[in-house]
Amino acid sequence: MDELPKNETRYRTGLTVRRSVLGDPHVDRSEDAVTDFDRPFQELITEAAWGTVWARPGFSKRERSIVTLALLAALGHDEEVAMHVRATANTGASRDDICEAFLHVAIYAGVPAANRAFRIAKEVFSEMDGSRAGHAS
């Protein structure tokens, strides 16, 4: 299979944006887990999602975060919902913002999807609050 060359500038931009949103530890774990099999996919999402869409000037990171959470919740992508709830620590989206996004999910995508998203967010908040409490000692 012929591989398309990656756009180095877009890839570097994407990696910078991805790290600013998801944090270095998450991205480092992802990078360490890349194999020859999924490298093209990882390059694609770094360039397209992070280097193109998330890097655009039209929305702030907070706004992109809110939209992303609503879409992921509506589509039932639970693991990604959890990851992006954690990322709100870096994007500026508040817990109130997340609640509002999930209320929209309830109306436009269904109560079960929103119920699941609220449950996931509460679990993540509990983890985040627990880790903060652990650092305070």
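This section describes the fold, the main pocket, selected salt bridges and a nonpolar surface patch of a predicted model.

The protein chain contains seven helices and zero strands. Read along the sequence, the helices follow the pattern α-α-α-α-α-α-α. The C-alpha trace spans about 45 × 45 × 30 Å along its principal axes. The protein chain has 137 residues, of which 34% count as buried. As an example of separation within the fold, Thr13 and Ala106 lie 93 residues apart in sequence, and their C-alpha atoms are 34 Å apart in space. Thr13 belongs to helix α1; it counts as partly exposed because its relative accessibility is 33%, which falls between the limits of 20% for buried and 50% for exposed.

Empty space was examined next. The largest pocket has a volume of about 430 Å³. Its lining comprises 19 residues. Among these, Ile45, Trp50, Glu80, Met83 and His84 lie nearest the centre of the pocket. Two or more lining residues come from each of α1 (8-22), α2 (24-33), α3 (39-53), α4 and α5 (78-91). Helix α3 gives the most to this lining, with six residues. By class, the lining of the largest pocket is made up of nine nonpolar, five polar and five charged residues.

The structure holds 10 salt bridges. In one of them, the side chains of Arg119 and Glu123 meet with an N to O distance of 3.3 Å. Both residues lie in helix α7 (residues 111-136), and because they are four residues apart there, about one helical turn separates them. Arg119 is partly exposed, since its relative accessible area is 41%. Glu123 likewise counts as partly exposed, at 41% relative accessibility. Elsewhere, salt bridges that share partners join Arg19, Asp24 and Asp28 into one network. Within this network, Arg19 pairs with Asp24, the closest N and O atoms being 3.1 Å apart. Arg19 also forms a salt bridge with Asp28, for which the closest N and O atoms are 2.9 Å apart. Arg19 is therefore the partner that these two salt bridges have in common. As to accessibility, Arg19 is partly exposed, with a relative accessible area of 26%. Asp24 counts as partly exposed at 41% relative accessibility, and Asp28 is partly exposed with a relative accessible area of 33%.

On the surface, Phe59, Val67, Leu71 and Leu75 make a nonpolar patch of about 390 Å². One of these residues, Leu75, is found in helix α4 (residues 61-75). Leu75 counts as exposed because its relative accessibility is 60%, and the cut-off for exposed residues is over 50%. Helix α4 thus holds a residue of the nonpolar patch and also gives two or more residues to the lining of the largest pocket.

Key:
Residues numbered from 1 in each chain as written. Predicted model: local features only at pLDDT ≥ 70, side-chain atom pairs only at ≥ 80, totals over all residues. Heavy atoms only, no water. Patch = residues over 30% accessible without salt bridge, like charges linked within 9 Å, V, L, I, M, F, W, Y side chains within 5 Å. Areas by Shrake-Rupley, 256 points an atom, 1.4 Å probe, with all protein chains shown as cover. Salt bridge = Lys/Arg side-chain N within 4 Å of Asp/Glu carboxyl O. Buried < 20%, exposed > 50% of the residue type's maximum accessible area, 1.4 Å probe, protein only. 1 Å grid on protein atoms, 1.4 Å probe; cavity = no way out; pocket = protein on both sides within 12 Å on 5 of 7 lines; lining within 4 Å. Points joined across faces, edges and corners; volume = space filled by probe spheres on them. Nonpolar A, V, L, I, M, F, W, Y, C, P; charged D, E, K, R; others polar.
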